[in-house]
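Visitor: I am new to this structure and would like a close look at a single part of it. Please take me through that part slowly, and then show me what surrounds it.

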Amino acid sequence: PAAAGSPALAPTRVGAGTLQGLALVLVCTLAAMLCKETGVTLPVLCVGWDVLVVVGAKPVELLSYLTARDGRADTIRRRAPSAAARYAILATGCVLLALWRRSLNGESPAEFARRQNMAIWHPHPLWRACSIVWVWMEYIWVCFFPTALSCDWSWPAITTIDNSSDVRAWLVAAYLLGWGWLLQRNLLQRTSVGASVCFLFAICPFFLASNVLVGVGTCKAE
(Lines give C-alpha, C1' and ligand atoms only; values in the text may rest on other atoms or scores of the structure.)
Protein backbone atom coordinates (compact mmCIF):
# COMPACT_ATOMS: atom_id res chain seq x y z
CA PRO A 1 0.00 0.00 0.00
CA ALA A 2 0.98 3.64 -0.34
CA ALA A 3 2.89 5.11 2.59
CA ALA A 4 0.21 7.67 3.53
CA GLY A 5 -0.01 6.29 7.06
CA SER A 6 3.73 5.71 7.51
CA PRO A 7 5.48 9.08 7.71
CA ALA A 8 8.82 7.44 8.49
CA LEU A 9 8.86 5.95 4.98
CA ALA A 10 8.70 9.37 3.36
CA PRO A 11 11.47 11.69 4.66
CA THR A 12 10.69 15.38 4.78
CA ARG A 13 14.34 16.36 4.39
CA VAL A 14 17.40 15.08 2.54
CA GLY A 15 19.63 13.63 5.23
CA ALA A 16 22.76 11.49 5.19
CA GLY A 17 20.78 8.26 4.86
CA THR A 18 18.88 9.61 1.88
CA LEU A 19 22.10 10.72 0.18
CA GLN A 20 23.63 7.29 0.72
CA GLY A 21 20.57 5.70 -0.85
CA LEU A 22 20.73 8.03 -3.85
CA ALA A 23 24.45 7.30 -4.27
CA LEU A 24 23.68 3.57 -4.24
CA VAL A 25 21.03 4.05 -6.94
CA LEU A 26 23.54 5.88 -9.16
CA VAL A 27 26.20 3.19 -8.60
CA CYS A 28 23.67 0.54 -9.60
CA THR A 29 22.70 2.67 -12.60
CA LEU A 30 26.34 2.80 -13.70
CA ALA A 31 26.67 -0.98 -13.35
CA ALA A 32 23.43 -1.58 -15.26
CA MET A 33 24.38 0.90 -17.98
CA LEU A 34 27.76 -0.75 -18.53
CA CYS A 35 25.94 -4.06 -19.04
CA LYS A 36 23.39 -2.51 -21.43
CA GLU A 37 22.79 1.15 -22.25
CA THR A 38 19.09 0.92 -21.38
CA GLY A 39 20.18 0.53 -17.74
CA VAL A 40 20.36 4.32 -17.60
CA THR A 41 16.58 4.32 -17.07
CA LEU A 42 16.95 2.87 -13.56
CA PRO A 43 16.63 6.31 -11.84
CA VAL A 44 13.35 6.90 -13.72
CA LEU A 45 12.04 3.62 -12.37
CA CYS A 46 13.13 4.57 -8.84
CA VAL A 47 11.47 7.99 -9.09
CA GLY A 48 8.20 6.44 -10.22
CA TRP A 49 8.32 3.94 -7.37
CA ASP A 50 9.12 6.74 -4.91
CA VAL A 51 6.15 8.85 -6.07
CA LEU A 52 3.68 5.98 -5.83
CA VAL A 53 4.92 4.08 -2.78
CA VAL A 54 7.08 6.35 -0.61
CA VAL A 55 5.39 9.71 -1.15
CA GLY A 56 2.02 8.03 -1.66
CA ALA A 57 0.89 10.40 -4.42
CA LYS A 58 -1.80 9.26 -6.86
CA PRO A 59 -1.62 10.43 -10.50
CA VAL A 60 -5.38 11.07 -10.62
CA GLU A 61 -5.13 13.43 -7.64
CA LEU A 62 -2.05 15.46 -8.56
CA LEU A 63 -4.05 18.64 -9.22
CA SER A 64 -6.02 18.29 -6.00
CA TYR A 65 -2.80 18.19 -3.98
CA LEU A 66 -2.18 21.80 -5.00
CA THR A 67 -5.62 23.11 -4.02
CA ALA A 68 -7.16 20.77 -1.43
CA ARG A 69 -6.90 21.52 2.27
CA ASP A 70 -7.41 18.08 3.76
CA GLY A 71 -4.98 16.03 5.81
CA ARG A 72 -3.81 13.81 2.97
CA ALA A 73 -3.05 16.74 0.66
CA ASP A 74 -1.16 18.49 3.48
CA THR A 75 0.90 15.33 4.04
CA ILE A 76 1.79 15.12 0.36
CA ARG A 77 2.76 18.80 0.26
CA ARG A 78 5.06 18.35 3.27
CA ARG A 79 6.79 15.47 1.51
CA ALA A 80 7.05 17.27 -1.84
CA PRO A 81 10.19 19.46 -1.25
CA SER A 82 12.29 16.51 -0.08
CA ALA A 83 10.96 14.36 -2.92
CA ALA A 84 11.77 17.08 -5.48
CA ALA A 85 15.32 17.31 -4.12
CA ARG A 86 15.75 13.52 -4.39
CA TYR A 87 14.48 13.52 -7.95
CA ALA A 88 16.71 16.45 -8.93
CA ILE A 89 19.79 14.64 -7.59
CA LEU A 90 18.88 11.45 -9.43
CA ALA A 91 18.12 13.35 -12.65
CA THR A 92 21.45 15.19 -12.52
CA GLY A 93 23.39 11.99 -11.86
CA CYS A 94 21.49 10.15 -14.59
CA VAL A 95 22.21 12.86 -17.19
CA LEU A 96 25.91 12.99 -16.25
CA LEU A 97 26.22 9.19 -16.54
CA ALA A 98 24.43 9.21 -19.90
CA LEU A 99 26.71 11.97 -21.25
CA TRP A 100 29.80 10.13 -20.01
CA ARG A 101 28.63 6.89 -21.66
CA ARG A 102 27.89 8.75 -24.89
CA SER A 103 31.41 10.23 -24.89
CA LEU A 104 32.81 6.68 -25.07
CA ASN A 105 31.26 6.26 -28.52
CA GLY A 106 33.72 8.68 -30.12
CA GLU A 107 32.89 11.18 -32.83
CA SER A 108 31.69 8.81 -35.55
CA PRO A 109 27.89 8.74 -36.06
CA ALA A 110 25.89 5.59 -35.53
CA GLU A 111 25.54 3.42 -38.62
CA PHE A 112 22.29 1.58 -39.32
CA ALA A 113 21.63 -1.10 -41.90
CA ARG A 114 18.02 -0.78 -43.05
CA ARG A 115 17.50 -4.54 -43.07
CA GLN A 116 18.38 -4.72 -39.37
CA ASN A 117 15.23 -2.81 -38.41
CA MET A 118 12.86 -2.39 -41.32
CA ALA A 119 10.00 -1.28 -39.07
CA ILE A 120 11.48 2.18 -38.43
CA TRP A 121 12.08 2.74 -42.17
CA HIS A 122 8.54 1.94 -43.33
CA PRO A 123 7.44 4.79 -45.64
CA HIS A 124 3.83 4.87 -44.40
CA PRO A 125 3.47 6.38 -40.88
CA LEU A 126 0.49 4.20 -39.88
CA TRP A 127 2.08 0.93 -40.95
CA ARG A 128 5.40 2.06 -39.49
CA ALA A 129 3.70 2.51 -36.11
CA CYS A 130 1.88 -0.82 -36.43
CA SER A 131 5.12 -2.60 -37.34
CA ILE A 132 6.89 -1.11 -34.32
CA VAL A 133 4.08 -2.10 -31.97
CA TRP A 134 4.11 -5.61 -33.43
CA VAL A 135 7.75 -5.89 -32.34
CA TRP A 136 6.65 -4.99 -28.81
CA MET A 137 4.19 -7.86 -28.99
CA GLU A 138 7.00 -10.13 -30.16
CA TYR A 139 8.96 -9.17 -27.04
CA ILE A 140 6.04 -10.05 -24.78
CA TRP A 141 5.48 -13.35 -26.63
CA VAL A 142 9.09 -14.44 -26.20
CA CYS A 143 8.94 -13.63 -22.46
CA PHE A 144 6.21 -16.22 -21.98
CA PHE A 145 7.07 -18.62 -24.83
CA PRO A 146 10.87 -18.54 -25.37
CA THR A 147 10.82 -21.26 -28.01
CA ALA A 148 12.73 -19.45 -30.77
CA LEU A 149 15.57 -17.28 -29.48
CA SER A 150 18.18 -15.17 -31.22
CA CYS A 151 20.63 -12.51 -30.06
CA ASP A 152 19.43 -10.17 -32.80
CA TRP A 153 16.36 -10.41 -35.02
CA SER A 154 16.29 -8.58 -38.33
CA TRP A 155 14.30 -8.56 -41.56
CA PRO A 156 12.78 -10.85 -42.88
CA ALA A 157 12.62 -12.83 -39.62
CA ILE A 158 10.10 -10.23 -38.45
CA THR A 159 8.38 -8.67 -41.45
CA THR A 160 6.64 -5.31 -41.50
CA ILE A 161 2.88 -4.75 -41.52
CA ASP A 162 1.97 -3.21 -44.88
CA ASN A 163 -1.84 -3.13 -45.08
CA SER A 164 -5.07 -3.81 -43.19
CA SER A 165 -5.41 -7.28 -44.70
CA ASP A 166 -2.52 -8.39 -42.47
CA VAL A 167 -4.15 -9.98 -39.41
CA ARG A 168 -1.33 -8.57 -37.28
CA ALA A 169 -2.72 -5.06 -37.86
CA TRP A 170 -5.92 -6.05 -36.04
CA LEU A 171 -3.96 -7.79 -33.29
CA VAL A 172 -1.96 -4.57 -32.82
CA ALA A 173 -5.19 -2.57 -32.53
CA ALA A 174 -6.54 -4.99 -29.91
CA TYR A 175 -3.22 -4.85 -28.05
CA LEU A 176 -3.25 -1.04 -27.88
CA LEU A 177 -6.89 -0.95 -26.82
CA GLY A 178 -6.12 -3.45 -24.07
CA TRP A 179 -3.21 -1.35 -22.78
CA GLY A 180 -5.35 1.78 -22.99
CA TRP A 181 -8.10 0.13 -20.94
CA LEU A 182 -5.62 -1.08 -18.31
CA LEU A 183 -3.97 2.34 -18.00
CA GLN A 184 -7.30 4.16 -17.83
CA ARG A 185 -8.62 1.77 -15.19
CA ASN A 186 -5.51 1.59 -13.01
CA LEU A 187 -3.98 5.06 -13.40
CA LEU A 188 -6.70 7.52 -14.41
CA GLN A 189 -9.96 6.13 -13.07
CA ARG A 190 -8.36 5.00 -9.83
CA THR A 191 -4.77 4.41 -8.82
CA SER A 192 -3.74 0.84 -8.11
CA VAL A 193 -0.26 1.13 -6.62
CA GLY A 194 0.59 -2.49 -7.37
CA ALA A 195 -0.53 -2.26 -11.02
CA SER A 196 1.22 1.09 -11.45
CA VAL A 197 4.52 -0.31 -10.19
CA CYS A 198 4.11 -3.27 -12.56
CA PHE A 199 3.63 -0.80 -15.44
CA LEU A 200 6.84 0.98 -14.41
CA PHE A 201 8.83 -2.25 -14.36
CA ALA A 202 7.44 -3.23 -17.76
CA ILE A 203 7.89 0.13 -19.51
CA CYS A 204 10.92 1.95 -18.06
CA PRO A 205 13.67 -0.59 -18.82
CA PHE A 206 12.23 -1.21 -22.31
CA PHE A 207 11.57 2.38 -23.38
CA LEU A 208 14.95 3.16 -24.98
CA ALA A 209 14.75 -0.04 -27.06
CA SER A 210 11.13 0.55 -28.08
CA ASN A 211 11.85 2.62 -31.26
CA VAL A 212 9.69 5.44 -29.82
CA LEU A 213 12.38 7.90 -28.78
CA VAL A 214 15.01 6.87 -31.33
CA GLY A 215 15.37 4.08 -33.86
CA VAL A 216 17.58 1.28 -32.62
CA GLY A 217 20.04 -0.79 -34.61
CA THR A 218 18.15 -4.05 -34.46
CA CYS A 219 14.54 -5.12 -34.89
CA LYS A 220 14.47 -7.14 -31.68
CA ALA A 221 17.33 -8.00 -29.34
CA GLU A 222 16.93 -10.54 -26.59
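Visitor: Does Asp-50 count as buried or exposed, and at what relative accessibility?

Guide: This is a predicted model, and everything that follows should be read with that in mind. Asp-50 is found in helix α2, and at 11% relative accessibility it counts as buried, because the cut-off for that word is under 20%.

The helix around Asp-50 is a good place to begin. Helix α2 runs over residues 42–55, which makes 14 residues, and it reaches 18 Å from its first C-alpha to its last, close to the 20 Å expected at 1.5 Å a residue. There is nevertheless a kink of about 30° in α2, and this kink is centred on Trp-49. Asp-50 has company among the buried residues of the helix, since Pro-43, Leu-45, Gly-48, Leu-52, Val-53, Val-54 and Val-55 are buried in α2 as well. Just after the helix comes Gly-56, which takes a positive phi of about 80°.

If we set aside residues up to four places away in sequence, Asp-50 touches Val-55, Gly-56, Arg-86 and Tyr-87. One of these contacts deserves a closer look, for Arg-86 forms a salt bridge with Asp-50, and the closest N and O atoms of the two are 2.8 Å apart. The pair links distant parts of the chain, with Arg-86 in helix α4 and Asp-50 in helix α2, 36 residues apart. Arg-86 has a relative accessibility of 5%, so it counts as buried, just as Asp-50 counts as buried at 11%. In general terms, side chains of opposite charge can pair when their charged atoms come close.

A search of the whole structure finds four salt bridges, and another of them also involves helix α4. Arg-101 forms a salt bridge with Glu-37, where the closest N and O atoms are 2.7 Å apart. Arg-101 lies in helix α4, which covers residues 71–103, whereas Glu-37 lies in the loop between α1 and α2, so this pair ties together parts that are 64 residues apart in sequence. The two partners fall into separate classes of accessibility: Arg-101 counts as buried at 18%, while Glu-37, with a relative accessible area of 39%, is partly exposed.

Helix α4 meets α2 at another place too, and here the residue to follow is Cys-94, which is found in helix α4. At 14% relative accessibility Cys-94 counts as buried. Not counting residues up to four places away in sequence, Cys-94 touches Leu-26, Val-40 and Pro-43. Pro-43 is one of the buried residues of α2, and although Cys-94 and Pro-43 are 51 residues apart in sequence, their C-alpha atoms are 6.8 Å apart in space.

Leu-26, another contact of Cys-94, brings us to helix α1, where Leu-26 is among the buried residues together with Thr-18, Leu-22, Val-25, Thr-29 and Met-33. Seen down the axis of α1, these buried residues fall within an arc of 95°, so they line one face of the helix. On the other side of α1 the exposed residues are Ala-16, Gly-17, Gln-20, Leu-24, Val-27, Leu-34 and Cys-35. The 20 residues of α1 should span 28 Å at 1.5 Å a residue, and the end C-alpha atoms are 29 Å apart, which agrees.

Having met some cysteines, we may also ask about bonds between them. A disulfide is a covalent bond between the sulfur atoms of two cysteines. A search of the whole structure finds zero disulfides. Cys-46, for instance, is in no disulfide, and the nearest cysteine sulfur, that of Cys-28, is 8.2 Å away. Cys-46 counts as partly exposed, at 24% relative accessibility, whereas Cys-143 counts as exposed at 61%.

A last pair can be set beside that of Asp-50 and Arg-86. Lys-220 forms a salt bridge with Glu-138, the closest N and O atoms being 3.5 Å apart. This pair too links distant parts of the chain, with Lys-220 in strand β2, residues 220–221, and Glu-138 in helix α5, 82 residues apart. Helix α5, in which Glu-138 lies, covers residues 125–144. Both partners, Lys-220 and Glu-138, are buried, and for Glu-138 the relative accessible area is 19%. Leaving out residues up to four places away in sequence, Glu-138 touches Ile-158 as well as Lys-220.

Terms used
Residues are numbered from 1 along each chain as its sequence is written. This is a predicted model: local features need pLDDT of at least 70, side-chain atom pairs count only at pLDDT 80 or more; totals for chains, interfaces and linings use all residues. Side-chain values use heavy atoms; hydrogens and water are left out. Helices (H or I, at least four residues) and strands (E, at least two) are DSSP runs, numbered from the N terminus. The expected span of a helix is 1.5 Å times one less than its number of residues. The bend at a residue is the angle between axes fitted to the seven residues ending there and the seven starting there. Buried means under 20% relative accessible area, exposed over 50%, partly exposed in between (1.4 Å probe, protein chains only). Contact means heavy atoms within 4.5 Å. A disulfide is a pair of cysteine sulfur atoms within 2.5 Å. A salt bridge is a side-chain nitrogen of Lys or Arg within 4 Å of a carboxyl oxygen of Asp or Glu. The arc is that of the directions from the helix axis to the C-beta atoms.
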